[in-house]
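Let's take a friendly walk through this model together. Have the sequence and the 3D view side by side as you read.

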Amino acid sequence: KKEPGNFGLGWIGAFNTLKPIPALRQRKLNAELANGRLAMVAILAMFFQNGTFGTTGPEMWAIELPEYANTVGDFIPKNLA
């Protein structure tokens with residue numbers, strides 16, 4: 001019986017053309033779990049920061065953004081045009 005989510009495609013969908021090494025597979029699965037947990041903690045911390053301080057951006061750290069930072073499609077500063 002296969003594991004949930006294991007569709008038998010192998011590493012990066014190589015259709016099991018690579019030799020299966022159980023120790024390497026276990027290490028990669030553990031790394032994937034650890035990175036996923038770290039990403040979940042990071043996004044929750046950003047949500048908490050946004051709810052507490054109202055921002056997670058550079059405004060919180062008093063970094064002045066260039067005048068063209070929030071424009072869409074116009075990347076030429078106004079004083080140069």
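**Following the helix**

Helix 1 is a good place to begin: its 32 residues reach 46 Å from the first C-alpha to the last, close to the 46 Å expected at 1.5 Å a residue. Keep in mind as you look that this is a predicted model. In the protein chain as a whole there is one helix, with zero strands.

Now travel along helix 1, which covers residues 22-53, and stop at methionine 46. Is methionine 46 buried or exposed? The answer falls in between: its relative accessibility is 41%, so methionine 46 counts as partly exposed, given that buried means under 20% and exposed means over 50%. This side chain has company, too. Met46 joins Ile43, Leu44 and Phe47 in a nonpolar patch on the surface, and together the four have about 410 Å² of accessible area.

Carry on to the end of the helix. Just after helix 1 comes glycine 54, which takes a positive phi of about 90°.

Finally, step back to view the whole chain. Of the 81 residues in the protein chain, 5% are buried. The chain exposes about 7,600 Å², and carbon and sulfur atoms supply 66% of that area.

Key:
Residues numbered from 1 in each chain as written. Predicted model: local features only at pLDDT ≥ 70, side-chain atom pairs only at ≥ 80, totals over all residues. Heavy atoms only, no water. Patch = residues over 30% accessible without salt bridge, like charges linked within 9 Å, V, L, I, M, F, W, Y side chains within 5 Å. Areas by Shrake-Rupley, 256 points an atom, 1.4 Å probe, with all protein chains shown as cover. Salt bridge = Lys/Arg side-chain N within 4 Å of Asp/Glu carboxyl O. Helix = DSSP H or I, 4+ residues; strand = E, 2+ residues; numbered from the N terminus. Buried < 20%, exposed > 50% of the residue type's maximum accessible area, 1.4 Å probe, protein only. Expected span 1.5 Å × (residues − 1).
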